[in-house]
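Here is a structure to read with a definition in one hand and a value in the other. Each turn asks how a label is earned.

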Amino acid sequence: MRLDSSRSSGFSEEHRLAWSLFLARGCEKTGLFPLALQTFHRLIYFANCLAEVYEYAPPSQLVMKQKWGPYYPRAQADLDQLVIMGLIDIDKLRWEQSEGRTAKLAEFSITRAGYALCTELSEAGAWFKEAEEFLFDVCSAYSTIRDENADKATDVDLTYSQRGVPQGGVIVFREAARNLSAQGAKFFEEVAPSLAVPNRQHQLRLYMRFLEGRAA
Amino acid sequence: MTPKKKKAVSPEPFVPAGMTFPEAQSAFNREGYGDEVPKAENEVFVHECLEWIAQWFDQNFSAAGAIKPFMFVFDTTRRVEDVFPEAQIYQSFSRSFESGVGGRIYSSTANLRKVYGVATTAGTCPELLSALSKAGLAAATAVAVSPEKRMALVHSNGDPNDAYPVPFEHLGTKDFDFTQLDAYLAEFFEAHLSTHDGLCDIWSKPSKRTLKQYAERQIQKTLQAFFQYRVLRKKSAKIDREIQTHAGRKDLRIIRVKPDRTLEGAVMELKVLRPTISDEKNLEWAIDGVDQAARYTKTDDMTAYTYVCCYDGRKIDAPMPTAVAYAKTKAVTWRRYFMETPQYPRVVNGFDS
């Protein structure tokens, strides 16, 4: 199975778990660990909307706009399961109440066993290899944003901040026309000189650089 | 990979909702061109390392002579903290360029955001790479830095003998000038390849005049690094290696956007003439390089400078008048550089141009 031919509804539980695990591996290789739970969900969001740049199908193509940023209940359940399986480490777990909601806060990192499983999976099939490479690229691009601006990057993201969507509203970006983030990343093909068209990996970096400029 | 069907491309570029062209242009100017193709993880690491080292030298240039060599290691097969179990964590290097980094080997993430260091007594870059092999990490990617020599040695092929040097002493800060290309190529040759003691180690047995198997690739990488970090002012021009075009694969290409937004470029086709094959075969190889270079020039109108650089590893330093004449008919600039080894001296004055 290839990553591009698997539609979001076709993600099996194993593939969803692998997606979260590879994201954790990408964070490890780009120094984003230990990772705050909120940042994990932001990265899941960026991976979901920027997968279109690679012409890949992500596990989810929608996001609920909320004051505290994106949150994916299913990805959270996957992460919890990976913790139980001993593939992800959890630290500083606590619950906090603020602004009328109760939030779970924690820091995550990949375990030695989790990392070894990633290596094994990426050798096992094209889907896993492509997911590993793409999610590394997402983490690598995100890690170029200065820490002080990173949290704000989602708030100014083109899809997340699009006009006409109130707090609590759901943004569906299954259609390319609604995925403004991917459009923004691809727009750098128009900005670059003809013989220096940025490759897709570089488009992610350019897009994050653009978001940082806005967030600063 | 099987991409989805290409969507119809609108002839008019449009700006996505919420974005402005100046914002996008500003991001592009800050981030730079990027490479022709996406980088693998270890290539990202090498790129990030070299960019960091360039900035580190900018900030520590005068003090660098007294700082001990150090090395960064990137291993894709294990977590960064597991590479050297006895290592201690250091403050992130990604935005810190302090001078006190010498005398250690650092296991690092791809972007130097997280580093774990161990002390080392290795006094040179080759010694640091040997330490890598001894630690069972020969398959890892590493960048060893000699502050005293303002050089780095990049190891990425599993064989420390294939490491290529990167110089960090800039040649001024002006924008890249294509008319100086010849002088840059000559300087590169003198420093790296004119003798077997040069900075680029392409001989497996210099006394027997035996070249390494992948000498051409090693020269390509070294020349790219030379232009990138010694010659090109950061982001004033872009240099690529092994560019795929309709006319075949270009070895090295430099392009620059002129103030009027048009492009200007140079293409360099590199060939290594071997001591183990006949003169006829070497001549064929050289002429093949001329043909390749000429084809590139035909396929785009921005290539103003086309070079064939023959690094001559034959046993006798003899001119190649047939190749010189052929290159002239194709409007390709021919350069032959004879590489000396013990008992095989250079005798032709100049570069056979």
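The questions below take up confidence, strands, contacts, domains and one helix of this predicted model.

Q: How do you know what confidence chain A has?
A: Confidence is given as pLDDT, on a scale from 0 to 100. The mean pLDDT of chain A is 91. Of its residues, 95% reach 70 or more.

Q: Which elements of chain A have the lowest and the highest confidence?
A: The lowest is strand β4 (residues 101-110) of chain A, with a mean of 87. The highest is helix α4 (residues 112-122) of chain A, at 97.

Q: What makes β1 (residues 35-36) of chain A and β4(A) a pair?
A: Two strands pair if there are at least two bridges between them. Two bridges join β1(A) to β4(A), and the strands run antiparallel. In β4(A), A:Phe108 is the bridge partner of A:Leu35.

Q: How many bridges link strand β3 (residues 88-98) of chain A to β4(A)?
A: There are nine, in the antiparallel sense. The cut-off is at least two, so β3(A) and β4(A) count as paired. A:Gln97 stands opposite A:Thr102 in β4(A). The hairpin of β3(A) and β4(A) has two residues between the strands, and A:Glu99 takes a positive phi near 50° there.

Q: What makes residues of chain A and chain B count as in contact?
A: Their C-beta atoms must lie within 7 Å. By that test, 43 residues of chain B are in contact with 40 residues of chain A. On the chain B side, α1(B) gives the largest share, eight residues. That side divides into 20 nonpolar, nine polar and 14 charged residues.

Q: Which domains does chain B have, and how many residues of each are in contact with the other?
A: The domain assignment gives domain 1 (28-169) and domain 2 (173-353). In chain B, 14 residues of domain 1 are in contact with 16 residues of domain 2. On the domain 1 side, β7(B) supplies the largest share, four residues. The C-alpha centres of the two domains of chain B lie 28 Å apart.

Q: How do you know whether the span of helix α5 (residues 215-231) of chain B agrees with its length?
A: Take 1.5 Å times one less than the number of residues. For the 17 residues of α5(B), that gives 24 Å. The end C-alpha atoms are 22 Å apart, which agrees.

Q: Why is α5(B) called largely enclosed?
A: A residue is buried if 20 or more other C-beta atoms lie within 10 Å of its own. In α5(B), 13 of the 17 residues are buried, so the rest of the structure largely encloses this helix.

Methods:
Residues numbered from 1 in each chain as written. Chains lettered and ligands numbered in written order. Predicted model: local features only at pLDDT ≥ 70, side-chain atom pairs only at ≥ 80, totals over all residues. pLDDT = per-residue confidence, 0-100. Contact = placed C-beta atoms within 7 Å. Nonpolar A, V, L, I, M, F, W, Y, C, P; charged D, E, K, R; others polar. Domains from an automatic or database assignment. Buried ≥ 20, exposed ≤ 12 C-beta atoms within 10 Å, placed from the backbone.
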